[in-house]
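Me: Got a minute to walk me through this one? I'm new to reading structures.
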Amino acid sequence: MKLHLALAQINTKLGDVQANLDKHLSLIDEAKKRKTDLLVFPELSLTGYVLQDLVSFVAHRPTDDDPVFKPLLAASHDLDLVVGFVDEDSRHRFFIASAYLSGGKVLHVHHKVYLPTYGLFDEGRFFAWGDSVRAFDTRFGRMGMLICEDFWHASPPYLLWLDGADILLFSSASPGRGLGDNEKLESARWVERINMAYASMFTCFVAHANRVGYEDGLHFWGGTTVFDPNGEELVHGPYNEEALTYAELDLNQLRRTRARLPLLRDERTGLVRSELDRILSRD
Amino acid sequence: MTDIDLTINTDLARTILTGFIKSEITRVGFSRAVVGLSGGIDSALSCVLAAQALGPENVLAVRMPYKASSRDSLDHAQLLIDQLGVQSRTIEITDMVEPLIQLDSEMSKVRKGNLMARARMIVLYDQSEAFKGLVVGTSNKTEILLGYSTMFGDSASALNPIGDLYKTQVRQLSRALNVPAPIVDKPPSADLWAGQTDETELGFTYEEVDRLLYLLIDQRYMPQEVIEAGFDEKFVNGVVARVRRFQFKRMLPPIAKISNRTIGYDFLYLRDWGT
């Protein structure tokens, strides 16, 4: 089985949801013409990243009566979509969120569970922390979504793997930092290394969509990637410019790799649990 | 001594910084830039980056000599204008500052220097309106950290592409972008009075202080750790004190909070809000 995946590394207008929605719809049209099965947008693709006091103004609910989600859900009859947005729950907590839309329905919403609040980041000041990491079933198999800092920690990808995800969809709004004499930024090299590592260790597909553009002095570097279950890079989008990057995922590769390398079969989850219990019960 | 390498990939620096200029100018409805060209390396680099980002026809380089400014400064600025093909103007500031200087026969060099820097700011912001271009800043990371600038003078700009580059990195990038050799090679000077050089005034070289600042700021070394790494204790303490003392120059003036929502504390939006 083949999955025709497209990753949209876009620039966004900070706080202008309508303008960002228009860009989504036009890229959806473009991807549709290329017979795409699934199109993934970056973190907060509908709102922009450094929202600060704009958070409550740009929040939406992923329902079919929402003016932003209505056209996106309609478009999801033609191809599956992952979009980034600010989710407001019924008690008015605001989350950094990704929604997986398919066949006019919301299959899954992930709330970012790690909000970086250090260095140049201030997410914990403006957003609520998500409290679950769940895989979900799609017409292409079981998947999992994580948002930026979520996969800087090893545990969320590991949990998704154990929960059955064979395709990990990562999205970011990653500000570039650390310019040395290397042709890639430190932050870009770091993210690419760990994406490759997760694909290798979990013998699964790892796709990453990162945005581009600037917000004040921050620069988002793009560089979309897809790694296969052997940890090999299938595609690499350009740095620093908008692009739609297409990848054909041969899902049978999961079987071939795991027949050779049974890391999933041999994973000792009981051992993990008992050691975690011991570690967590320590005074 | 700890191995310290401030080398940057100049292609990537150029891509990020020209992209920054283009994005931050065009998203607010402008397409042009104004740069005060002193004849020194910092403004030369900002001008090159602006010309590459926007096209030379969209950049106005303004030379603003005072009667005591060195001839070299003017000539070096002209070298760059000719090389880039940017638009240019020369506006003398002597007649602007002289009446103020005449008011006080005791006026110190520092006060005169500040007057000149602020007169140049007035000229640039006037040209900004006339040319419909934003003022591109020319302060580098070393001088911002050391507070080696005039508030509301040379530090004033609408955006600054080179403020995260140390002086030695400014030199490296300038060489890579073909800034004329006389500009790159001469001793840095604010040229506020004859014979002034930055390094004499500061008491150390940029090469030395950049290595120190890189460890203290970028690598988060404690002062004691850089001394253990081989830096002179007096030099380290002097620079640490200087960075702290001039924090005020790196900030907007604090607003006294009395309401529930105060600009700067809990009214938080980027400048790029809505764009």
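Me: Which residues of H1(A) are buried?
Reply: Val17(A), Asn20(A), Leu21(A), His24(A), Ile28(A) and Ala31(A) are buried in H1(A). Buried means 20 or more other C-beta atoms within 10 Å of a residue's own; exposed means 12 or fewer, partly exposed is in between, and C-beta atoms are placed from the backbone. This is a predicted model: local features need pLDDT of at least 70, side-chain atom pairs need 80 or more, and totals for chains, interfaces and linings use all residues. Residues are numbered from 1 along each chain as its sequence is written, and chains are lettered from A and ligands numbered from 1 in the order written.

Me: Why do those buried ones sit on the same side of H1(A)?
Reply: They cover an arc of only 100° around the axis, so they share one side of H1(A). The arc is taken from the directions from the helix axis to the C-beta atoms.

Me: And what's exposed on the other side?
Reply: Gln18(A), Ser26(A), Asp29(A) and Lys33(A).

Me: Where does helix naming come from?
Reply: From DSSP runs, numbered from the N terminus: helices are H or I with at least four residues, strands are E with at least two.

Me: New topic. Where is His92(A)?
Reply: In the loop between E3 and strand E4 (94–102) of chain A. Its phi is near 65°, a positive value in a residue other than glycine.

Me: Is His92(A) buried or exposed?
Reply: Exposed, with 9 other C-beta atoms within 10 Å.

Me: What about Gln52(A), where is that?
Reply: Gln52(A) is in the loop between E2 and H2 of chain A. Its phi is near 45°, also positive.
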